[in-house]
Structure formats: structure tokens, C-alpha cells
Amino acid sequence: MKAVETFDLTKRFKVKQLKLTSVESMIRSMKALLKHEGKETITAVDHVNLEINKGELFGLLGPNGAGKTTLIKLLCTVLKPDEGTARVDGHDILRERQEALTSISLVTSIDWLGYDYAMSVRENLEFYAALHGFQPRAFKDRIDESLAVVGLSEKGDVKPFTLSSGQRQRMMIARSLLIRTPIFFMDEPTVTLDPDAAANVRAFIRDELNEKMGQTIVLTTHLMHEAEALCGRIAIMNNGRIIVCDTPQNLKRKMAGEEVIEIHASNIGTEVAERLSRLDVVNRASAAIEDPMMGLGLVRIHTRDSRTVLPKILEAVDVAGVKVRHVSIIEPTLEDVFIHFTGRGLAA
Amino acid sequence: MTKREVEELRFDLSSYLRATKMLLRKELTAMTFFSTSFLIGIMSTIANIALFYYLASFVGAYATPYLGEFGGSYAAFMIVGIVLNSFLTVALTSTYSAMCNGYFEGNLEFYMLSPIGIWVYVGSRALFEYVMATINVMLYFFIGIVVFGVAFNINILTAIVVILVSMVAVTGLGLIGASLFSLIEAKGYTNPVQWIVGLLVGLVSGVYFPISILPSWLRGISSLLPQTYALEAARLAFLKSIPLSDITVIYDITVLVAFSIVLVPIGIWLFKKGLERDQREGTLSLWT
């Protein structure tokens, strides 16, 4: 039995088009409403088929708006699908919702949701345990145990708002550990954290939760290095669809033979990237800003023959009046894999 | 989960009660967390009671001729009106305000993740508000009787039955109002049912004055509200010690039961439909 299986799971949302900011827009909106044109439908999750094994640390990678959070909410049964279904720990999310709920925990990216500011960390955990039908004799020991696992033993009696973001995120993980559900859904668990706190939470997820405790973890992220460092397998999502799903190594192998030339320079941007992408043997080129104050940028050029194309690139860059600081030829990263499959960067 | 761990998770009556107890504790902690606001709330209640009493003393002489069937004291008449209306306002508004609070706090989805969460949450919030209303009511009676010497002549059994039956009937209206949180996206602390019923209750159901002074067309509207029957029966119970066997009380209770039979199932059905709609549309959370 798989931890998670989805079968053509689909979710559509109606987006309101009503604008009431001026008399003109109000009249336009009312006309659209009368013609039943007031809402546009967007497909947030589009016929997703996935299989996630028990004990796996599985990553859903994609830019903001790719449908990752919607997919997680569907699997947590907070949302109902429009088409298809899923099985979580063997329970159908539509027909066996109550059973499915006892198998899952959700850790969200917003570390202030789902706890009460006026209660201590320990009281918050007790409240959560009570909501999940936990018998009181098991309360105390399990709370102590969960707090110890996440390194918050000393913080049991303090109010959550006195904790740092990283500690609050760990409190949320402790809450999920209380009822030891076999599956953890983590929606961008490090997105609000500073680099140190994020590294600690990542290490905890991988070393403690997944490797030591054997929990199945489904983690969404838009951070390439996070997905690469944590996940055994990654599904790349874009526009609600799973574009590709494999191990990070295999994903990179799918780009075998492709090289990436990175040019760090001042006064370099999308215009230069577009010009370079028109050169022979250049597959694509993209630009990113590195330091807006200093006017520094980075252009990444994907090619199958860097030796041939490099002189042409440097010539074109020179003609554009760009001051090159550093050029390197590197192996493709997960970001390149993402661009390869979707045609756009994760920051898009 | 191991077999032992599964055995530790049960959703029986004791689970509901334990979760309710925790939610009540949570509400109480939150209420007393900002102690200045808490104290100001208590002082406002006491000031309101004094205000109502002096207002009642002022208009009492003019009102007495209209209050013969309720014992003649306007202060006692008004205290019973305010007391019962406190409970019925909780019945009308608590489910809806619980949904709004949960929505803006970002906790509704969190409660949906628990097999018993959303119903325990809504029920506990209502229970907490009833406890607060009871404390309020006791203050009204205590200050009215001890400080201002207002006299009551109570039939306890009739009073309890009338309060309970009327709370059930108005809860039906409250659930219908709460369903609009989801069904028409009325998520901003005001829904049409609560607004119109609240408005009409103050105007025509007899909270502050006897409905006999109203023109007949307004009395017609008052007959459509369960609060009208509840207030009449409650005043007979609190001010004239009328027993349950009295024909007027029997009539009022029968009408309230009829309201309950119609409104409560409709309210539960609509509220469930609303939750399903929120799950379908993804509108249970303001935060993503």
C-alpha cells in the first residue's frame, strides 16, 4: 500500500472578476454579472497522478501559484476535488474522510496559524490532542516527548508569541508529532524562517522525522536547494500539472549533454539574454538581478556546445556594452531542470 | 500508528467533552489575557444595568397601565426582556461569530483537520457565550433585586423550560444565518438573517416595551418571530409565577417547539451545505 496515491486529482476555482473601484468598472462588472460572465475559472490542480511510498521524503517543487498548496489541501481533505480522488494511507479522501484525517498532519508555512496566543506552548499542544480525541492519560508524556524531539523542552510554559519563527515552526511540528500520524504534509515549512532557522528545521525534517522516525513526508517548496537537499524524489509542478517526477539525480540526467554558461556582469539583463538566445546552439537564456544597487546581474545560457558558442557569446556581450565580471561553465542544477521542462524560472 | 496509539484515539462523548473543556479554557484565557479590557467590560455591564434601571424608573409611571398582565413594574418587565434577549442573542449570533472569528484567525481549516473539530469549536464558542450571558444575567438580577429593590415572582420550572425551548428555536435561525457565512460569502461579521432578526426583535418582539402599544400591522410582524412568544411566556414565568399548565404558556411553548422543529433541521442542513461549499470553493481560510 502506498502512503499517498492520486487519481486524476483536479481542482478548479472560480475567480471573481467584479471590480467596484469606480462607477465605470461597477457598471461593467454588473453587466458581466448579468451575462454570467462575472467569474473566470482557473485550474489550480490539473489531473494529477502521483504515487508516494511509505517512509519517503517527497518534494513538490514549483513556483508560487503552481498548485502545490492546493494539492496539499486536497490531500488533507480541507478542499474537495472537482474531479478524481486520492487515497491517503489507504483511505479514500472522499469516501473515508474521517479515517484519512487520523493519518495526516499538516504543517503550514504561516507559523502563527492554528495556535492560540493566550495559551502556553504546552496548553496549545493539550488543546490539539483533545481535538484529536487523545485520551488524557497519554497527554502529558507524549507532550513532553514531542517537545523534547523538537528541542523545545524548556519552552513548554511560555506563550508562543515569545518564540522565534523557527521555534514556532518546530512547535507546529511537535503538535503533529503528538498524534504520530504516519503522513506529514509540510507546506513550505521554511519559507518564513531566517537561513539559520531554516537549516535547523531542514536538518530536523530529514534526520529526525524522516530517517530516524520513518515518517512519510510530503513537502512543498519553491526552493531548489531545499528540494535537492531533502527529497528522495521530486515532482515538478507548473500550472497545476505534474511535469516530471523522479529523483534529483535522474532529473538532472534527463538534461545529459546540456551545459550552462553563467555570466556575472554589470548592466546585464533580459535584453541581453534575449539577444543571446537567438545565437546558434543556444537552447535558451535567462536573466536575473543579483545586486540592484550595484546594477549587477546574471545571465544563464543553456547550450549543448559551450566551447563553440562561448566566443560568440562574449562578442555579443561586448557589443551590448556589458562589463563582464565572471564567466563559468557549470553542470545543470534543479533550476535548469525546471526551466528545461517548463520554459520558465522558479522565480517567475 | 501502533495498535496502542490507535486505541488512545477515541471519538466518544468524553472526547467531545474534553475538547469542549479545552476550548472553553482557551476562550477564558483569551478573554482574561488583556485584563484592562476584561475589567472595562465588567464595569460597562454594571453601568448599563444602572442606566436601564433609572430609565425604567423614569418611564415606569407612564408604562404601568400597559403592564397589567405582567405585574405592573416596568423595571422588572425590562430586566426580564433584557435577560432573555441576552440568551437569545447568543443563540442567534454565536455560530456565525464563531465562523467569522475562526476565519479571520485562520483556524477554520485547522479545525477541519480534526475529525470533531468544527462542531466542537462552534458548540464550545456558543457554550462559552452562554456562560458569559448567564454571568451577565445574574448581575442584572442581583443588582436589580439587591440595589434597586425590583421584585420578581418566579415559577422556576416554567422559566427554565421557556428559556431552553426558545434558545433551541432561535438557534435554528442562528444556524440559518451562520450558513450565509459560506453560502453568500457573508464573512464580514454581518449576515442578513442576523441583521434583520436583530432589528425586528428590538422593534416589535417586546424586549423593551409591551407589543400591545404597536399598530396591528407591526404586531403581525412580531408574530413571525420566536422571540415574541419567548418574551411573553418568560415574563409570565418571571413576573407572575405562571405554571406550565397555563393556557397562554402552553400556547407560547407549542409555537416555540413548532419553530424549533422547522428551523433547526433547516439550519443544520444549510450550515452543512455551507461548509461543503467552503470546502469546494476553498473559502474557509483568508490566509493561504
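**Entry 1: salt bridges between the chains**

I began by fixing the term: a salt bridge here is a side-chain nitrogen of Lys or Arg within 4 Å of a carboxyl oxygen of Asp or Glu. I keep in mind throughout that I am reading a predicted model. With that rule in hand I looked up B:Arg25 and A:Glu123, whose side chains meet in a salt bridge at 3.9 Å, N to O; the pair counts because 3.9 Å falls within the 4 Å cut-off. Across the interface of chain A and chain B the rule finds three salt bridges. I noted beside this that side chains of opposite charge can pair when their charged atoms come close.

**Entry 2: the rest of the interface**

I then asked myself how many residue pairs are in polar contact across the interface of chain A and chain B. I found seven such pairs, with both residues at pLDDT 80 or more. On the side of chain A that touches chain B, I listed strand S1 (4–16), helix H3 (97–101), helix H4 (121–131) and helix H5 (136–149) of chain A, each of which supplies at least two residues. The largest share of that side, six residues, comes from H4(A). Sorted by class, the residues of chain A that touch chain B come to 23 nonpolar, seven polar and 13 charged. For the contact as a whole I wrote down 43 residues from chain A and 40 residues from chain B, and a buried area between them of about 3,900 Å², of which carbon and sulfur atoms give 60%.

**Entry 3: a salt bridge within chain A**

Over all chains the count by this rule comes to 27 salt bridges, and I picked out one of them, in which the side chains of A:Asp82 and A:Lys11 meet at 3.7 Å, N to O. A:Asp82 sits in the loop between helix H2 (68–75) and strand S4 (83–88) of chain A, while A:Lys11 belongs to strand S1 of chain A, so the pair ties together parts that are 71 residues apart in sequence.

**Entry 4: a cavity**

I turned next to enclosed space and found three cavities of 30 Å³ or more in the structure. The second largest cavity holds about 40 Å³, and I recorded its lining as A:Ile104, A:Ser105, A:Leu106, A:Tyr128, A:His132, A:Arg175, B:Phe110 and B:Leu113. Strand S6 (residues 104–107) of chain A gives the largest share of this lining, three residues. By class I logged five nonpolar, two polar and one charged residues around the second largest cavity.

**Entry 5: a pocket**

Last, I looked up the second largest pocket, whose volume is about 570 Å³. Which residues lie nearest its centre? Of the 19 residues that line the pocket, these are B:Gly41, B:Thr45, B:Met132, B:Ala133 and B:Asn136. Helix H3 (35–63), helix H4 (74–105) and helix H6 (117–147) of chain B each supply at least two lining residues, and the largest share, seven residues, comes from H6(B). I noted the classes of this lining as 11 nonpolar, seven polar and one charged.

Methods
Residues numbered from 1 in each chain as written. Chains lettered and ligands numbered in written order. Predicted model: local features only at pLDDT ≥ 70, side-chain atom pairs only at ≥ 80, totals over all residues. Heavy atoms only, no water. Contact = heavy atoms within 4.5 Å. Buried area = accessible area lost by both parts, 1.4 Å probe. Polar contact = N/O pair within 3.5 Å; in protein donor to acceptor, adjacent residues only side chain to side chain. Helix = DSSP H or I, 4+ residues; strand = E, 2+ residues; numbered from the N terminus. Nonpolar A, V, L, I, M, F, W, Y, C, P; charged D, E, K, R; others polar. 1 Å grid on protein atoms, 1.4 Å probe; cavity = no way out; pocket = protein on both sides within 12 Å on 5 of 7 lines; lining within 4 Å. Points joined across faces, edges and corners; volume = space filled by probe spheres on them.
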